[in-house]
Structures are given as C-alpha cells and as structure tokens.
Amino acid sequence: MLRYTKLGAGASWIGEYGDPAIAEQRAWIEGYSPYQKLVAGKTYPAPLILTSTKDDRTHPAHGRKAAAKLAALGQPYFYYENIDGGHSAAANLVEDARQLALEYTYASRRLCSE
C-alpha cells in the first residue's frame, strides 16, 4: 500500500485509502498494509492469492509482490494469475469456473479434515 499510487489507477483511490506521500497518512497506511506486516520469524496460514494480468483497477503487482515476499520468507502460499480477465478476474465462463474450482478446492482443503 505504500506504493499503490504508482501502479495503474492506484492514484484514483487516494481519497479512500490515504496518500502515502503525506507522512501522517503514510504512517497509518503502514498500520493496515498487509505487505508491510509480513515479517521474518512468524508463521502465516497459506493464503490463496488471486489476481489478473489485465486488471486495470487493482494492479497485479500487488499479488505478485505478496507472493514474492512470502516466498522470500519461506512461507507457503497458493497463487493464481488469470491472464485474460480484468478486475473481476474472469473473461468468460470457462475462466470463471476455473477460478471457482480453485477457490472451492482451497477452502475445502483449509477447512475440512482429510
């Protein structure tokens, strides 16, 4: 979140999330930014990170950076980047079904005993 204004349409969200270029706002953005909260020495549950290459509202770099940081910390994660869809991730029904299958599989493996 400390660089979201530099990615795609990120600057249009300053009114909602705050401006990291303003020291006071940057301080409270750091308090809720998930990326800044990932630190060495902690164990995190394996997240499912979903993004889309063509998302023009939430740049895919957010998901990519989160996955890279988790990897650098030796933490498990699941990552899926749809290359055709936009902000809602799916460009057609096949892609929508694929993503739903990934979400249901992830949820069932996280919530149900084997």
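This report describes the fold, confidence, pocket, salt bridges and surface of one predicted protein model.

**Overall layout**

The protein has 114 residues, of which 26% are buried. Its secondary structure consists of five helices and two strands, and from the N terminus on these elements follow the order α-α-α-β-α-β-α. The C-alpha trace extends about 45 × 35 × 20 Å along its principal axes.

The mean pLDDT of the protein is 91, and 97% of the residues reach at least 70. Among the elements, helix α4 (residues 61–72) has the highest mean pLDDT, 96. The lowest mean, 91, belongs to helix α5 (residues 93–111). Where pLDDT is low, predicted coordinates should not be read in detail.

**The largest pocket**

The largest pocket holds about 700 Å³ of space. It is lined by 30 residues, and those closest to its centre are Met 1, Thr 58, His 59, His 62 and Gly 63. Three elements, α3 (34–37), β1 (48–52) and α4, each contribute at least two residues to the lining. Helix α4 supplies the largest share, with five residues.

Gly 63, one of the residues closest to the pocket centre, can also be placed relative to strand β1. Ile 49 lies in that strand, and its C-alpha is 6.1 Å from the C-alpha of Gly 63, although the two residues are 14 apart in sequence. Ile 49 has a relative accessible area of 11%, which is under 20%, so Ile 49 counts as buried.

**Salt bridges**

The whole structure contains two salt bridges. Their closest N and O atoms are separated as follows.

| Pair | Closest N and O atoms |
|---|---|
| Arg 57 and Asp 56 | 3.8 Å |
| Arg 64 and Glu 81 | 2.6 Å |

The bridge between Arg 64 and Glu 81 connects distant parts of the chain: Arg 64 sits in helix α4 and Glu 81 in strand β2 (residues 78–82), 17 residues apart. Arg 64 is partly exposed, at 36% relative accessibility.

In the other bridge, Arg 57 pairs with Asp 56. Arg 57 has a relative accessible area of 45% and is therefore partly exposed. Asp 56 has 55% relative accessibility; this is over 50%, so Asp 56 counts as exposed.

**Nonpolar surface patch and helix α1**

A nonpolar patch on the surface is formed by Trp 13, Tyr 17, Trp 28 and Tyr 32, which together have about 390 Å² of accessible area. Tyr 17 belongs to helix α1 (residues 14–17). With a relative accessible area of 32%, Tyr 17 is partly exposed. Patch members need over 30% relative accessible area, so the 32% of Tyr 17 meets that cut-off.

Gly 18 is found in the loop between α1 and α2 (23–32). Is Gly 18 buried or exposed? Its relative accessible area is 4%, and Gly 18 is therefore buried. Gly 18 and Ala 91 are 73 residues apart in sequence, and their C-alpha atoms are 31 Å apart in space.

Key:
Residues numbered from 1 in each chain as written. Predicted model: local features only at pLDDT ≥ 70, side-chain atom pairs only at ≥ 80, totals over all residues. Heavy atoms only, no water. Patch = residues over 30% accessible without salt bridge, like charges linked within 9 Å, V, L, I, M, F, W, Y side chains within 5 Å. Areas by Shrake-Rupley, 256 points an atom, 1.4 Å probe, with all protein chains shown as cover. Salt bridge = Lys/Arg side-chain N within 4 Å of Asp/Glu carboxyl O. Helix = DSSP H or I, 4+ residues; strand = E, 2+ residues; numbered from the N terminus. Buried < 20%, exposed > 50% of the residue type's maximum accessible area, 1.4 Å probe, protein only. pLDDT = per-residue confidence, 0-100. 1 Å grid on protein atoms, 1.4 Å probe; cavity = no way out; pocket = protein on both sides within 12 Å on 5 of 7 lines; lining within 4 Å. Points joined across faces, edges and corners; volume = space filled by probe spheres on them.
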